Amino acid sequence: MRPTRATVLLTAGLVTLLGVPSAVAAETPTSLYVNNYAGSSCSDGGPGSQAVPFCTISAAAKAAAPGQTVRIKTGKTYDEAVTINSSGAPGKPVAFVADGPVGNPVILGKEALTISGASHVVVSDLYANGGIKVSRSADVELERVRTIGSTTGASLVIGEASTDVRVSRAVLYGVRIDGGAQRTVLGRNDIHGGKQEPLAVVDAPGTVITNNTVQLGCGAAVSLSGGSSGSAVFNNVINAKGLSGPCDPAPGRGAIAVSQSAADGTRSDYNLIAGDFQAGPVYQWGGAAHQDQAAFHAATGQGGRDIVVPTSAEAGAKAVDSADATAPGVLLTDSKGYPVVDDPRVPNTGKDGGYLDRGAREGQDWVQSVRLDLDQPWAPAGTTVKATATAVSAWSGPLTYHFSFGDGSAPVVTKERTATHVYSAPCECTATVTAYNDANLSAFAGYKTKVTAPGPLTAGFTSKPFLPSAEDPRAYVAPLTVEVDPGTSATPWPVQQVDVDFGDGAKERVSAPDPVRHAYAQPGGYKVTVTLKDAKGATSTVSRTVQVAYAASGYVAVDPFRALDTRTAGTPAQAGTATPVTLPIVYYSSGPSHTAGATAAVLNVTVTGATQDTHLNVWPSGQPRPATSNVNVRAGGTSSNTVTVPIGADGKVLTQLNSGQGHVVVDFVGYYQPNTGHKFAPITPTRLADTRTAGGALGGGQTRTVKVAGVWTIPPDATAVALNLTSTGATTDTHVIAYPDPKRRPATSNLNPEPGKDKSNQVIVPVGPDGTITLYNNAGSTDLVVDAVGYYRDSGEALFVPVVPQRLADTRTTGKLAPGATTTVSGLPADAVGAALNVTATDTSDAGFLTVHGYGTARTSASSLNTRPGDTVPNHVITPVGDGKVSIWNSWGGSNHVITDLLGYFTYTRP
């Protein structure tokens with residue numbers, strides 16, 4: 001039970017020490033300001049106002065007058081030696097305080113703070129890294145200061161006849177009071193010692209040491225000697241801490257040492273002593289040593305209520321509610337500002353049944369946590385909501401609860417754990433509760449509540465493509481992923497079940513109206529149906545057609561690598577059987593990574609060893625095989641072509657021969673992905689190199705460097721170029737590689753020249769050093785022609801939109817394209833500025849070439865595809881588009897049938 005006399009006893013202790021408090025001055029003291037920040041307009045010659053503060057504390061100390069408060073801006077160290085020698089007046093001290101957030105102290109550099117010849121001075125919330133010295137001064141208060149001195153000397157020195165110096169709630173590393181100082185009071189401080197004694201009082205009568213926590217290093221924790229008579233040592237916790245080495249045997253190690261000359265009128269009691277004193281005497285009093293509390297009390301009459309325990313771990317519990325509340329120097333709040341409170345779990349063993357704790361800290365009923373629950377966290381406006389708080393505190397003492405419901409209504413303050421509220425309007429509000437005790441210690445919790453409009457459950461949803469993010473481009477997102485969000489539904493009561501039918505046979509059930517995602521196998525329109533069921537048993541359904549399409553994407557070039565080669569397994573591809581190809585994106589030393597969020601891949605596909613004339617299809621996994629073709633090959637021959645193809649939801653594409661069998665080689669050269677990569681700029685086909693007119697044919701094992709960036713209309717910052725690569729005059733079967741770094745030739749191929757045949761293939765090559773690429777010929781010799789059709793860069797113009805391969809035109813149904821004639825191919829999107837096509841020439845009557853260019857633009861001499869009698873020749877073509885059309889011109893060779901398949905298009909806008 002809490003004694004009714006406790007507060008009286010505490011107050012009595014203060015009056016014993018301080019006397020009756022002085023009357024508070026009626027006037028508000030003016031302030032001086034110190035601010036050493038750049039831009040503060042500070043001046044040590046200025047008025048010290050808030051607009052023009054002093055730059056240094058020293059300047060303010062010289063200018064301060066009685067009753068003024070010096071407000072020192074916190075946050076930056078003041079590297080100055082500060083001396084305070086100005087004085088206040090009784091009831092009108094000169095105060096030096098921190099000007100900043102609570103808990104942010106003023107920090108001095110390595111120089112000391114000196115208070116000399118001053119009186120009526122207050123210093124608070126200051127860290128003095130060089131220590132503090134008080135001399136020849138009177139009525140000085142140091143509160144919440146922190147001092148650090150040398151390893152051998154005290155960090156706080158009070159001396160030279162100073163009087164009535166009070167030090168409270170401080171952290172001090174070594175204290176010395178000497179030189180005739182009188183009536184010094186140390187209360188609620190943490191005092192630390194090292195090799196030196198923590199607290200030494202020499203020739204300082206009337207010193208009061210009450211409710212401090214002293215960490216002993218060497219020597220005596222509290223030492224009074226010389227003329228330090230009439231002093232008091234009460235309610236302290238003395239803890240002998242461990243040291244890295246032993247103490248000097250001369251002073252030894254002890255708790256309280258009072259010399260014969262200081263013992264007269266000095267009192268000591270209610271101290272708690274813990275730890276190992278290394279066989280030194282715990283007490284020394286009047287020249288005699290005492291090893292334990294009983295012997296000390298029997299010999300001196302002092303320390304009758306002292307407690308001595310062997311370990312620090314035992315000290316905490318012994319300190320609670322066991323001190324003398326009437327001792328001189330007792331303070332009503334502890335070193336952290338917390339009040340004196342009674343721990344109901346512990347008997348009150350303090351003087352006269354008091355409950356003051358020993359040491360600098362006062363145990364508190366800490367409110368450790370609180371949880372807030374709402375019985376209706378989701379309900380329509382007008383519903384009564386009950387809030388319940390569940391708190392956990394150290395002592396399980398009485399608590400007060402402050403409920404706020406987050407809608408601007410008045411809070412509810414109650415001793416009860418529950419409160420009710422009726423929301424008057426819909427809101428996304430956060431209800432909160434703060435639980436606090438009589439010491440104003442508290443814990444806080446919140447709970448989001450959804451207040452809805454009254455009415456029936458009505459399902460609704462929005463849909464959008466779910467795309468890879470620019471911040472995490474390697475996170476896996478399947479192509480054609482759509483996010484369906486039922487968040488637009490009217491849901492007055494909690495939704496307990498959401499069923500989504502995606503319209504392609506896939507369904508998903510979730511327990512909340514949160515977004516759900518689904519990867520479709522192919523583009524198209526799908527009827528999506530969302531059905532909701534709420535806590536009241538109501539249901540609602542809504543359906544809508546959702547258009548699913550590939551997203552506009554940037555191009556990411558990679559070091560080419562081989563993704564498939566059926567020759568290594570010895571199992572050729574067979575007609576009628578699809579061969580899957582897993583498409584990684586980045587190749588590490590440990591192997592290829594996953595396809596992440598790519599929508600389409602750029603591949604070089606080669607068919608070799610075909611048993612009969614045939615063609616190969618390449619298409620996305622999970623989709624029907626299209627009526628298009630990508631590679632055409634003669635029996636026994638080798639043919640290659642670049643293929644741009646969407647990637648299936650499982651990260652794969654499929655390849656299939658139309659007839660016979662043959663080996664298939666797939667090289668991965670790049671990919672398109674939303675929110676990453678480079679944009680494309682189509683250009684009028686431009687010839688960059690022709691070995692027939694410059695440099696001569698490229699021999700076997702030789703390389704040739706071609707400038708591709710910073711020439712013609714291709715800017716220097718291009719990151720990759722789209723080229724049409726043509727071989728002519730080959731002396732033997734060979735292969736040609738186009739690559740960026742001349743020091744790192746990949747084990748892939750781009751073109752397969754044959755004697756007597758002009759062959760072409762379109763390639764996309766990253767730009768290498770100094771805006772160049774390198775061409776390599778494996779065997780024999782061949783001339784090479786390089787025509788540019790576009791480039792990629794960060795600030796490019798257009799993004800690529802893949803499509804399921806589809807046929808745009810086939811002259812076999814309309815008639816052959818005569819020599820010198822042009823056919824127009826339409827059916828491209830109106831916003832297309834470029835297109836990726838597969839153009840095939842067949843039934844050719846004589847050798848020649850085709851040139852593909854934007855409709856309405858001038859034709860150049862560059863070629864897109866070389867035609868050969870008796871061969872069906874395909875080529876990947878990237879070309880500008882005009883008014884949704886492209887033009888295909890047949891050279892003055894023979895007539896041809898021309899087949900045009902669309903693989904995707906480039907657009908300035910994102911669909």
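This passage walks through the overall form of the chain and then turns to a few of its strands and one serine.

The model described here is predicted. A reader meeting the chain for the first time will find many strands and few helices to follow: 69 strands and five helices. Its radius of gyration is 45 Å, well over the 29 Å that the globule rule gives for 911 residues, so the chain is more spread out than a compact globule. Along the principal axes, the C-alpha atoms fill a box of roughly 130 × 70 × 60 Å.

Burial, contacts and charge add to this first picture. Of the 911 residues, 53% count as buried, and the accessible surface of the chain comes to about 36,500 Å². Carbon and sulfur atoms account for 51% of that surface. When contacts between residues at least 6 apart in sequence are considered, 70% of them join residues at least 24 apart. The charged side chains comprise 66 positive and 71 negative ones, and the centres of these two sets lie 3 Å apart.

A helpful place to look in detail is strand β69, which spans residues 897-907. Eleven of its eleven residues are buried, so β69 is largely enclosed by the rest of the structure. Two strands can be traced as its partners. Strand β62 (residues 799-810) is joined to β69 by eight bridges, and the two run antiparallel; here leucine 799 stands opposite threonine 907 of β69. Strand β64 (residues 832-842) is likewise antiparallel to β69, with ten bridges between them. In this pairing, threonine 842 stands opposite histidine 897 of β69. In a regular strand, side chains alternate between the two faces of the sheet.

Another pairing involves strand β54, made up of residues 679-690. This strand is mostly covered, with nine of its twelve residues buried. Its antiparallel pairing with strand β61 (residues 781-793) extends over eight bridges. Within the pair, arginine 687 has aspartate 787 of β61 as its bridge partner.

Finally, serine 119 offers a view at the level of a single residue. Serine 119 is found in strand β7, which covers residues 119-128. With a relative accessible area of 19%, serine 119 counts as buried, because the cut-off for that class is under 20%. Beyond its neighbours within four places in sequence, serine 119 is in contact with Ser86, Ser87 and Gly88, and also with Ala138 and Asp139.

Notes:
Residues numbered from 1 in each chain as written. Predicted model: local features only at pLDDT ≥ 70, side-chain atom pairs only at ≥ 80, totals over all residues. Heavy atoms only, no water. Helix = DSSP H or I, 4+ residues; strand = E, 2+ residues; numbered from the N terminus. Rg over C-alpha atoms; globule rule 2.2 N^0.38 Å. Buried < 20%, exposed > 50% of the residue type's maximum accessible area, 1.4 Å probe, protein only. Contact = heavy atoms within 4.5 Å. Areas by Shrake-Rupley, 256 points an atom, 1.4 Å probe, with all protein chains shown as cover. Lys, Arg positive; Asp, Glu negative; His and termini not counted. Charge placed at Lys NZ, Arg CZ, Asp CG, Glu CD. Pairing = 2+ DSSP bridges.
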